[in-house]
Amino acid sequence: MLSKAGLGSRTEARKWIGAGRVQVNGKVIQTPDHWVDPGKDEVTLDGKAVRAAEKAYLLLYKPKGYLTTYKDPEGRPTVYALIEDLGRHVVPVGRLDLDTSGLLILTNDTLFAERIMNPEFKVPKTYLVKAAGVLGEEQMERLRNGVELEDGWTRPAVVTRLRNRENSTFLEMTITEGRNRQVRRMLEAVGSKVRKLVRTAIGPVRIGKLEIGKWRVLEREEVNALAGEDWFKRAKADDRPRAPRKPVPGGGGTRDARGPRKRQSGGGTGRGGGSKGDSRGRARFAGRPRAKK
Ligand code: URA
């Protein structure tokens, strides 16, 4: 409750409790797991009443070079330096690597955050990727069908070639998991490498015209669209039993025995996800993506 009230991080709250500074109904509490009913119990920190904070939902355009952790033992900058003016404690919904830029949602609504992060819900996350080399169709198909990583096969992804350059390929990729360094590892699995990575959308929420390093409050409709029951229902409807994967001739690893998954028109996941077929080139690597919708 202390961190939800926006007073500080969970770690800080634990320290306050350990130091005997927190009381519930007039009694000092000793354990951070002490259950409180915010509707009934009176919680105080240093004698001052603690009230549940209003829910806050932000969208930050994270630049490269910022960590999504609260504090860094090495003193590197974290995203909290960019939202100092908020005055409430919020936590990132999932992580972006130090070298990844783009859309990061931060909130003090833990239930909401859990739903977005839970892979069961298959909330689509869309990325612009600059990959090393000109990818061949076979590599593209492998990315689409799923590749084998050390922590298992990835789910099918929606992968669209935006353009080729002399020695690189620009792609839009929509994935419905959030594994550690997933996009980077997927590209490595097909013999390429991520040179630049920008997250442009989570579900229906797009980074739009937000400037790099800036944040805005999410619109009520955006929060509702993300938090809606729909993701879960769609995820369940999509959970058809899958046939085992078979080796693919030509070193393409293995793939679903049903054969390559047909690319859905619309560029997103076909579930109203963050990417639309007309979205090519909409968001730019320059850090100033064009308009949403
Ligand atoms: N995939 C990655 O490899 N890195 C990110 O930051 C996000 C997705």
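Here are four short exercises, with worked solutions, on the predicted model shown above.

**Exercise 1. Getting your bearings**

Find how many helices and strands the chain has, and what share of its residues count as buried.

*Solution.* Start with the secondary structure: the chain has six helices and 17 strands. Next, turn to burial: 32% of the 293 residues count as buried. Finally, look at the contacts between residues at least 6 apart in sequence; 64% of these join residues at least 24 apart.

**Exercise 2. The buried side of α4**

Work out which residues of helix α4 (residues 182–189) are buried, and against which elements they pack.

*Solution.* Step one is to pick out the buried residues of α4, which are Val183, Met186 and Leu187. Step two is to ask where they sit around the helix: they cover an arc of only 95° around the axis, so they lie on the same side of α4. A general rule helps here: an α-helix has 3.6 residues a turn, and therefore residues three or four places apart point the same way. Step three is to find the packing partners. The buried residues of α4 pack against two strands that come before the helix, β8 (125–132) and β12 (168–175), as well as against α3 (137–145) and β13 (194–202). To finish, step just past the end of α4, where Gly191 has a positive phi of about 85°.

**Exercise 3. Two nonpolar cores**

Identify which residues touch the most other members of the largest nonpolar core, and which strand gives the largest share of this core.

*Solution.* The largest nonpolar core holds 25 residues, and Leu58, Leu60 and Ile105 touch the most other members. Now trace where the members come from: β5 (57–62), β7 (100–107) and β13 each supply at least two residues. The largest share, five residues, belongs to β5. Take Ile105 as a worked case. Leaving out residues up to four places away in sequence, Ile105 touches Tyr57, Leu58, Leu59, Val93, Ile116 and Ile202. There is also a second, separate core of 20 residues, with Ala131, Leu135, Val158 and Val159 among them.

**Exercise 4. Around the ligand**

Describe the residues around the ligand and explain why the ligand lies between two domains.

*Solution.* First list the shell: Leu96, Asp97, Thr100, Arg181, Gln182, Val183, Arg184 and Leu197. Then sort the shell by type, which gives three nonpolar, two polar and three charged residues. Helix α4 provides the largest share of the shell, three residues. Last, check the domains: the ligand lies between domain 1 (57–119 + 205–227) and domain 2 (129–190) because both give residues to its shell.

How values were computed: Residues are numbered from 1 along each chain as its sequence is written. This is a predicted model: local features need pLDDT of at least 70, side-chain atom pairs count only at pLDDT 80 or more; totals for chains, interfaces and linings use all residues. A residue is buried if 20 or more other C-beta atoms lie within 10 Å of its own, exposed if 12 or fewer, and partly exposed in between; C-beta atoms are placed from the backbone. Helices (H or I, at least four residues) and strands (E, at least two) are DSSP runs, numbered from the N terminus. The arc is that of the directions from the helix axis to the C-beta atoms. Two residues are in contact if their C-beta atoms, placed from the backbone, lie within 7 Å. A nonpolar core is a set of buried Ala, Val, Leu, Ile, Met, Phe, Trp, Tyr and Cys residues joined through C-beta atoms within 7 Å. A residue is near a molecule or strand if its C-beta atom, placed from the backbone, lies within 6 Å of it. Ala, Val, Leu, Ile, Met, Phe, Trp, Tyr, Cys and Pro count as nonpolar, Asp, Glu, Lys and Arg as charged, and the others, Gly among them, as polar. Domain bounds come from an automatic or database domain assignment.
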